[in-house]
Amino acid sequence: MNIQKPLAVIGTNAWGSSAYGKLIRGNSVDDETLIASMKTAKEKDMLIFDLAQDYGFGKAQKMVGKFGTQDIYISSKFTPFRKYHAGQVRKSLERDLSEFRRSYVDIYWLHLPMDIEQNLSEMIQLYHEGKIRNIGISNFILEECKKAKSILDRAGIPLYGVQNHYSLINREWEEKGVVDWCRENHISFWAWAVLEEGMLTDPRVKSSKSIMKLMFQRKREQLHSLYVLMHHIGKHYQITIPQVAMAFCASKGIVPVCGCRKPYQVEQLYEATNIQLSAKEIALLEQEANQCNVKILGSDMFRFMVR
C-alpha cells in the first residue's frame with residue numbers, strides 16, 4: 001500500500017488491558033483475536049496501525065510490539081500534557097521505539113497544538129536522524145495547521161497529515177476550512193471517532209454495554225431518521241449502517257481511523273472504504289444529519305487541554 005494515500009487506518013484505542021476494553025467497548029478480546037485481526041489487515045493491505053502511549057491503559061503499543069511490527073506501518077503520537085521542556089519529544093519517542101521494538105516510526109503526530117514550534121523542532125531533528133519517517137499534527141484548528149506547515153516548510157519537510165475528529169454527524173472541520181485546506185495542500189486528513197463511540201451503528205443490533213454507549217444512549221432516538229436513511233443506502237451496496245458511516249468518509253477523500261479488534265471488523269472497514277457513494281447519496285446523508293442536529297463528542301473536545 002501507499003502510505004501517502006491510505007484508504008483507511010486500523011485504530012487501536014481499545015487494544016490492551018481487558019479492563020480497558022470492557023470499560024470503553026463493553027467487552028474485551030484476547031491476544032489471539034487481536035493477532036488474527038492484524039493478519040486480516042495485512043491480507044487486505046491495510047497496514048497502518050494508529051497508536052498512542054495511553055491507549056489500552058498503556059498496553060496497546062507494547063502489545064503491537066510483541067506481536068511484531070516488521071511488516072506494518074506504525075503511526076504514533078507525542079502528547080504534550082505540560083509546558084515544554086527540552087528533550088521531551090525525544091524521550092517520549094525513545095519509549096515508543098522501545099515498546100515497538102524497532103528503530104523508527106512511520107508517522108509521528110504532535111497530538112495537541114501546544115508549544116508548536118518547540119515540539120516540532122524536536123520532531124524535525126528526529127526526522128533527520130531517521131527515527132521519524134513522516135510528521136503529522138492532531139486536534140489542530142486551521143491557523144495552527146498553517147503555522148505547523150510553515151515550520152516544516154522551512155525545514156524542507158512536508159506536513160504528512162492532520163488527524164482530527166470527524167464523522168457524518170460532526171463535519172465542523174469542513175465548515176472551519178481544515179478539510180479543504182488539506183486538499184489544496186495535498187495533505188492527508190484522517191478522521192478519528194468516525195462511528196461516534198458506537199452511536200453510528202445499527203440500533204437494532206444488540207451489543208455489549210460500555211460507559212461510552214451509556215453516556216450517549218439517549219441520543220439514539222434523535223438519530224432515528226438518519227439510521228433509516230443509512231440502512232436504505234446500505235442495502236443498495238449490501239453494507240451495514242456503520243459501514244455507510246465509514247464509506248461516507250472514504251468517498252469524500254477522508255481517511256477513517258476505525259477501531260478494529262476483531263477480524264470481521266477489519267473486513268467491514270475494507271469493504272466500506274472500497275465503496276464510492278454517489279454525490280446525491282452524500283448530499284442526502286449530510287442533509288439528514290444536519291436535520292437531526294445531534295452532537296456526540298464535538299470537534300474541539302480536547303481544546304480544554306490546550307494552554
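Which glycine follows H11, and is its phi positive or negative? In this predicted model, H11 is followed by glycine 253, with a positive phi near 80°. The helix that leads up to this glycine is a good place to start a tour of the structure.

Helix H11 covers residues 241-251 and gives the most to the largest nonpolar core, with 7 residues. Of its 11 residues, 11 are buried, so H11 is largely enclosed by the rest of the structure. The buried set takes in nonpolar side chains such as Ile241, Val244, Met246 and Phe248, and it also includes Gln243 and Ser251. The cover over these buried residues includes helix H10 (224-237), strand E8 (255-259), helix H12 (263-273) and helix H13 (279-292).

The core that H11 feeds has 90 residues. Those with the most contacts inside this core are Ile10, Trp15, Val162, Phe189, Leu226 and Leu285. Isoleucine 10 offers a handy view of the packing: beyond residues up to four places away in sequence, it touches Trp15, Ala41, Met46, Ile48, Phe49, Asp50, Cys258, Cys260, Val266 and Leu269. Apart from the largest core lies another, of 9 residues, among them Ile3, Ile48, Ile107 and Val255. Ile48 thus appears both among the contacts of isoleucine 10 and in this other core.

Glycine 253 also serves as a landmark for helix H8, where arginine 183 is found. The C-alpha atoms of arginine 183 and glycine 253 are separated by 8.7 Å, with their positions 70 residues apart along the chain. Is arginine 183 buried, exposed or partly exposed? Its relative accessibility is 40%, and since buried means under 20% and exposed over 50%, arginine 183 counts as partly exposed. With neighbours within four places in sequence set aside, arginine 183 is in contact with Glu174 and Lys252.

Helix H8 (178-184) also takes part in the second largest pocket, where H6, strand E6 (159-165), H8 and strand E7 (188-192) each supply at least two residues of the lining. The largest share, 3 residues, comes from H8. This pocket holds about 510 Å³ of space. Its lining counts 23 residues, with Gln4, His186, Ile187, Ser188 and Phe189 nearest the centre. By class, 12 lining residues are nonpolar, 6 polar and 5 charged. Phe189 links two parts of this account, being one of the residues with the most contacts inside the largest core and one of those nearest the centre of the pocket.

Helix H5 gives a neat check on geometry. With 13 residues (116-128) and 1.5 Å a residue, H5 should span 18 Å, and its end C-alpha atoms are 18 Å apart, which agrees. Its buried residues are Ile116, Asn119, Leu120, Glu122, Met123, Ile124 and Leu126. They pack against strand E3 (73-78), helix H4 (88-100), strand E4 (107-110), strand E5 (135-138) and helix H6 (142-154). Like H11, which is followed by glycine 253, H5 is followed by a glycine with a positive phi: glycine 130, near 85°.

Within H5, glutamate 122 deserves a closer look. Its relative accessible area is 12%, so glutamate 122 is buried. Leaving out neighbours within four places in sequence, its contacts are Tyr84, His85, Ala86, Gly87, Gln88, Val89 and Arg90. Between the C-alpha atoms of glutamate 122 and isoleucine 48, which are 74 residues apart along the chain, the separation is 24 Å. Ile124 of H5 is in turn a contact of alanine 155, along with His128, when neighbours within four places in sequence are not counted. Alanine 155 is found in the loop between H6 and E6 and, at 28% relative accessibility, counts as partly exposed. Its C-alpha atom is 49 Å from that of arginine 218, 63 residues away in sequence.

Two loop residues complete the picture of backbone angles. Most residues other than glycine have a negative phi. Glutamate 197, however, has a positive phi of about 55°, and glutamine 238 has one of about 60°. Glutamate 197 is found in the loop between E7 and helix H9 (211-216), while glutamine 238 sits in the loop between H10 and H11. Their surroundings contrast: glutamate 197 is buried, with a relative accessible area of 17%, whereas glutamine 238 is exposed at 75%.

Notes: Residues numbered from 1 in each chain as written. Heavy atoms only, no water. Helix = DSSP H or I, 4+ residues; strand = E, 2+ residues; numbered from the N terminus. Expected span 1.5 Å × (residues − 1). Buried < 20%, exposed > 50% of the residue type's maximum accessible area, 1.4 Å probe, protein only. Contact = heavy atoms within 4.5 Å. 1 Å grid on protein atoms, 1.4 Å probe; cavity = no way out; pocket = protein on both sides within 12 Å on 5 of 7 lines; lining within 4 Å. Points joined across faces, edges and corners; volume = space filled by probe spheres on them. Core = buried A, V, L, I, M, F, W, Y, C linked by side-chain atoms within 4.5 Å.
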